[in-house]
Amino acid sequence: VNNCGLQLVIQTSSLADKSKPFEFRINKEQPSFHNRLLQHDLEKNYSGRQGNTNFGSSSSVTFPVLQRSAEEKILNSDRLTLERQKLTVCPIIDGEDHLRLLNFQHNFITRIQNISNLQHLVFLDLYDNQVEEISGLSTLRSLRVLLLGKNRIKKISNLENLKNLDVLDLHGNQITKIENISHLSELRVLNLARNLLTIVENLNGLHSLTELNLRHNQVSAVKDVDTLPCLQHLFLSFNNISSFEDILCLADSSSLSDITLDGNPIAQETWYKHTVLHHMMQLRQLDMKRITEEERRMASVAARKEEERKRESHKQALLKEKKRLTICNIARQWEIQQNQIALVASLNQDKDNEPCQINGSAAYVFPEESRSLDTILSSAVQGLSVLESHLVEVEGDTLCLYGAGALECLDRNWSVQTAGIIVTVSFMFIEFDEIVQVLTKLKIKFPNFVHLKFKETNLVALRQFSALAPMHRIEQLTVDPQGNPVVNFTLWKYYVLFRLNHFNLQKINGVKVTENDVVMAERLFGILAYVASSELPHYRMLSLFAESRRKQFHYLQEGKGKKSGTGSEESSDNRRNGGESTNRAMLNYTTKDFHMEKLEEIKERKTFCQTYVENLVKEAADINMKNESLQKLWPQMFIELVRDAVIEIRNKNSYMKLCLQRITDQKQ
């Protein structure tokens, strides 16, 4: 101990002090104890000269032994200050069993020991030492204040017997987890600032805790705070809290009145203050600033708006996720359908029992990934409504149709406004032959659409593009390579330009059409139209000529009925619709279903004709057979007829009577 007459001051103004939340030090100017930590029967002011205290030692004692003079014991009977003595171990303190306050601040002590005999000790201060483990305190059952700030402690332990502990200061250590304190039901103040904590948990059982300091840690989530019935002050400044969900339990605390969250990522958000105040209406201070009633009102309004925004955002997210899963489901069904079609086609070509190869793999063996996809989809849609097999969506000026079932939407009653804004119609995961059947409805339902998109529609042949010829008008055509093998043909664009020449297409797959492209298309496919027309039956040729003349006459009448101020765009449309050449019209396309219907009709006619001819042949054969039989029987029949006639007219009178009798019988 020193003889400098230093006065001991323990400064504990508040555990929320920004500079040093729980600090004890020697002060040469202000001789006062803070009333808050010295409520354990310690005087409010303490000053005086430290007496001559000597450390004695002997060869048989390992630790230094502390001895105080009788005068010093009388002056400071229940207090002992060994501050800044460069101690590396705790000395043996004999004859001081009555001590209540022991101060080891600012030394180099690495282990707590040699104080187990101080069973009346109430206040133990080991601030700013090198203690690595909490130990040697099991007998200090009367201890109320334990100050171990700024040491090297890594774990909270060995506090089982300190059930009367009122203040526990462990700031400035290396603690990574809150543990082994649930039995401290009398603890009011807990300081864990400047440690390595990441999660606040295991606070159950601290029924008396009123102040918790967790400044300058790495906390990202807070739990169990709502189980502390007396907690009033919570300091979480300068941590890693980034969302209100991480501290949601604070909203359930009814006693919390003062909280600090400054220095966290969450404090940078615009909604931070409003959200905290809205969920914690009992707060009086936030970030060391008093909360006004106006702030509460504004926070309530802002929080309601934020909740509405979050609900709407959540709703949109659910809809988006449902859309994604629905499209995945449609894609999966499309894949299965295409595999089945390919399998049937392969089996028809090869009647052997060998596995059919499709795209290099056995067609009847579905990959494990396909089965796992079903599992993923079924688990992902939990909480959402049942997935549909089709989807209809309007995005801006684009109508997106997913799955064959979506084509039925064209029969619904579309509002004039919605139908008028549709410029692009996109088909996905739909057979092109099924699309062909509804193309006429597009002209009626969406008069302003000029752009068609095809993706996964099984466009495999050039002649399929001929089905687009009857459309009202098309300015753009987009055919995605995915699911449309036709785009692998080098000349497919030129065929489209040739066959749909009457549309004056502006773009194909986003690329502008030039005059050179049109000329090249004419050179490549002009002869094809001539060959097609030369092979066409005469009656069919006349029918096409009549149809072409009818269209031209119809649009000519419409042109006369319009005023001279009609825009050039409408005139251009008329020319396009009436301008499809007869030669190009020969290159038409019939869908598989229509072709199958025709084949079925031809088959039925063939069957009828065959049956009719068979009946005629059978009837003729019967007649011929009867004729042959008659020829064989006729000579004998003739002889019998002549004989009967001769016999009957041999007796003329009898014969006449017989005839008259027959006539009479017939009249009756």
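The dialogue below works through burial, cores and confidence in a predicted model.

Student: What makes Trp334 count as buried?

Tutor: Buried means under 20% relative accessible area, and Trp334 has 6% relative accessibility, so it counts as buried. This residue lies in helix H3, which covers residues 293-349, and, leaving aside its neighbours within four places in sequence, Trp334 is in contact with Phe429, Ile430, Glu431, Glu456, Thr457 and Asn458.

Student: Why is helix H8 described as largely enclosed by the rest of the structure?

Tutor: Helix H8 runs over residues 492-499, and six of its eight residues are buried, so the helix is largely enclosed by the rest of the structure. The buried residues in H8 are Trp492, Tyr495, Val496, Leu497, Phe498 and Arg499.

Student: Which residues have the most contacts inside the largest nonpolar core?

Tutor: That core has 69 residues, and those with the most contacts inside it are Leu124, Leu146, Val222, Leu234 and Leu250. Helix H2, residues 272-279, gives the most to this core, with three residues. Apart from it lies another core, of 45 residues, including Ala419, Val425, Val436 and Phe449.

Student: How do you know that the predictor's confidence is low over residues 1-61?

Tutor: Since pLDDT is the predictor's confidence in each residue, on a scale from 0 to 100, the value to look at is the one for this stretch, and over residues 1-61 the pLDDT is below 50. For the protein chain, the mean pLDDT is 76, and 75% of its residues reach 70 or more. Over residues 560-579, too, pLDDT stays under 50.

Terms used. Residues numbered from 1 in each chain as written. Predicted model: local features only at pLDDT ≥ 70, side-chain atom pairs only at ≥ 80, totals over all residues. Heavy atoms only, no water. Core = buried A, V, L, I, M, F, W, Y, C linked by side-chain atoms within 4.5 Å. Buried < 20%, exposed > 50% of the residue type's maximum accessible area, 1.4 Å probe, protein only. Helix = DSSP H or I, 4+ residues; strand = E, 2+ residues; numbered from the N terminus. Contact = heavy atoms within 4.5 Å.
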